[in-house]
Amino acid sequence: MKHTKQSPLFIYTYGYREEETALCLLEMRAFFGKDAASGILMSDQAVDPDRSPFMKERLEVMYQGDSLSDIWEQVKEIQLHEATFKVIFVKMNDLAPEHKIDFEDARSIERDIGEYIDAEADVRHPDFVYGIITLGGRWYFGNYVKSKAIWLGHMQKPRSYSIALSTRVARAAANIAVPIPNGIKAIDPCCGIGTVLVEALSMGIDIDGRDINHFIVRGARENLKHFELQGEIICGDIADINDQYDAAVLDLPYNHFSRTTPEEQLSLIQHTRRIAKIAVIISVDPVDDMLANVGFTITDRCTTRKGSFIRHIILCS
């Protein structure tokens, strides 16, 4: 049985640590309006897999069918002329343990599909990379993109700060606040050493930074320069901001390096509500009452854990 092309349709695979599950699912919901605890998600939304710290691969579906023979027939349509190709079997799937496909069978599936593509295969430097995956009892074939995980390089900053967000949490927070960057202006009004700024700017998000500590601001600017990123970072109080923003990421200061009283936290949240349409609030303490008091509505949330240390990630509008 032959099936026609369906477009756009994308399949994403994810990988994350147990303590990051809730954060990953929250990021999924921001991107796609739904999540998938299985680690495989299908959507008509196109997201660059480099954006998420949890996304591993993306398959842009060209063909689908009930069996591999359906795929064999359809890939005959591919015309590459002088270009070369490679087929990758995507390891992640929803098969029951007794039906799992082992290494040799996976290589066999790759070779079998390649036999039906009228072009030269090149496993080392192909012009086109295709993927094959099984999901929900069907087979899907299409253009394959693997995440380059560029955020890994951001973990080595020239300036660091003991209480700064981890690179993965910062990147996810930026994505939750600004899933679609086009035409969006964002701000991190307590940017600290610039962890969120680095991740956001590296993904093409237009974001400003601000902090009241001139020493920390110098460090944040140095971090941006190190990664060759362009962004404005101002030393100043959030109360002095007059511009309006589409989104904000507010990591509430805490511990003996950045002690804030509940009154100061409330003030930060109030000003964030004043300057931004939506906000991702990051806190080590529950702040639901404060959010309600300033007129924020919680639209989604999660917690993320590192050992016994818990952060609340709250999306508000």
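Trainee: In β12, which residue is the bridge partner of Asp251?

Mentor: Ile282 is the bridge partner of Asp251. Asp251 belongs to strand β11 (residues 245–251), and Ile282 to strand β12 (residues 276–283). One thing before we go on. This is a predicted model, where local features need pLDDT of at least 70, side-chain atom pairs count only at pLDDT 80 or more, and totals for chains, interfaces and linings use all residues. Residues are numbered from 1 along each chain as its sequence is written, and side-chain values use heavy atoms, with hydrogens and water left out.

Trainee: What makes β11 and β12 a pair?

Mentor: Two strands pair if DSSP finds at least two bridges between them. β11 and β12 have 6 bridges, in the parallel sense. So they meet the rule for a pair. The strands themselves are DSSP runs too: E, at least two residues; helices are H or I, at least four, and both are numbered from the N terminus.

Trainee: In what order do the strands of the sheet with β11 and β12 stand?

Mentor: The order is β10-β9-β8-β11-β12-β14-β13. These 7 strands form an open sheet with mixed pairing.

Trainee: What makes β10 and β13 edge strands?

Mentor: β10 (233–235) and β13 (298–306) each pair on one side only. The twist averages 15° from one strand to the next. Helix α1 (residues 21–32) packs on this sheet and touches β13 and β14 (309–316). Touching is contact here: heavy atoms within 4.5 Å. The direction of α1 makes about 150° with that of β13. Such angles run from 0 to 180 degrees between N-to-C directions, with axes fitted as lines to C-alpha atoms, for helices over the stretch in contact.

Trainee: Over how many bridges do β13 and β14 pair?

Mentor: They pair over 8 bridges, in the antiparallel sense. Ile298 stands opposite Cys316 in β14. The two strands form a hairpin with 2 residues between them. Gly307 in the turn has a positive phi of about 65°. β14 also pairs with β12, antiparallel over 5 bridges. There, Ile282 stands opposite Ile313.

Trainee: Why is β14 called mostly covered?

Mentor: Buried means under 20% relative accessible area, exposed over 50%, partly exposed in between (1.4 Å probe, protein chains only). In β14, 6 of 8 residues are buried.

Trainee: Why does His81 count as exposed?

Mentor: His81 has 66% relative accessibility, over the 50% limit, so it counts as exposed. His81 lies in the loop between α2 and β4. His81 has a positive phi of about 60° although it is not a glycine.

Trainee: Why does Glu228 count as exposed?

Mentor: At 71% relative accessibility, Glu228 is over the 50% cut-off. Its place is in the loop between α6 (214–226) and β10. Glu228 has a positive phi of about 55° and is not a glycine.

Trainee: Which residues of helix α2 are buried?

Mentor: In α2 (residues 68–75) they are Leu68, Asp70, Ile71, Gln74 and Val75.

Trainee: What puts them on the same side of α2?

Mentor: They cover an arc of only 150° around the axis, which puts them on the same side. The arc is that of the directions from the helix axis to the C-beta atoms. Their cover includes β3 (55–65), α3 (103–115), β6 (128–135) and β7 (138–146).

Trainee: Which strands stand at the edges of the sheet β2-β1-β3-β7-β6-β4-β5?

Mentor: That open sheet has 7 strands and mixed pairing. β2 (40–43) and β5 (120–121) have a single partner strand each, so one side of each is left without a neighbour in the sheet.

Trainee: How many cavities does the rule give?

Mentor: The count is 1 cavity of 30 Å³ or more. A cavity is a set of points on a 1 Å grid over the protein atoms alone, where a 1.4 Å probe fits but cannot get out. Grid points are joined across faces, edges and corners, and the volume is the space filled by probe spheres set on the points. Here that volume is about 40 Å³.

Trainee: Which strand gives the most to the lining of the largest cavity?

Mentor: β11 does, with 3 residues. Lining residues have an atom within 4 Å of a point. Among them are Ala174, Ile187, Ala247 and Val249. α4 (167–177), β8 and β11 each supply at least two.

Notes:
On a 1 Å grid over the protein atoms alone, a cavity is a set of points where a 1.4 Å probe fits but cannot get out, and a pocket is an open set with protein on both sides within 12 Å along at least five of seven lines; lining residues have an atom within 4 Å of a point.
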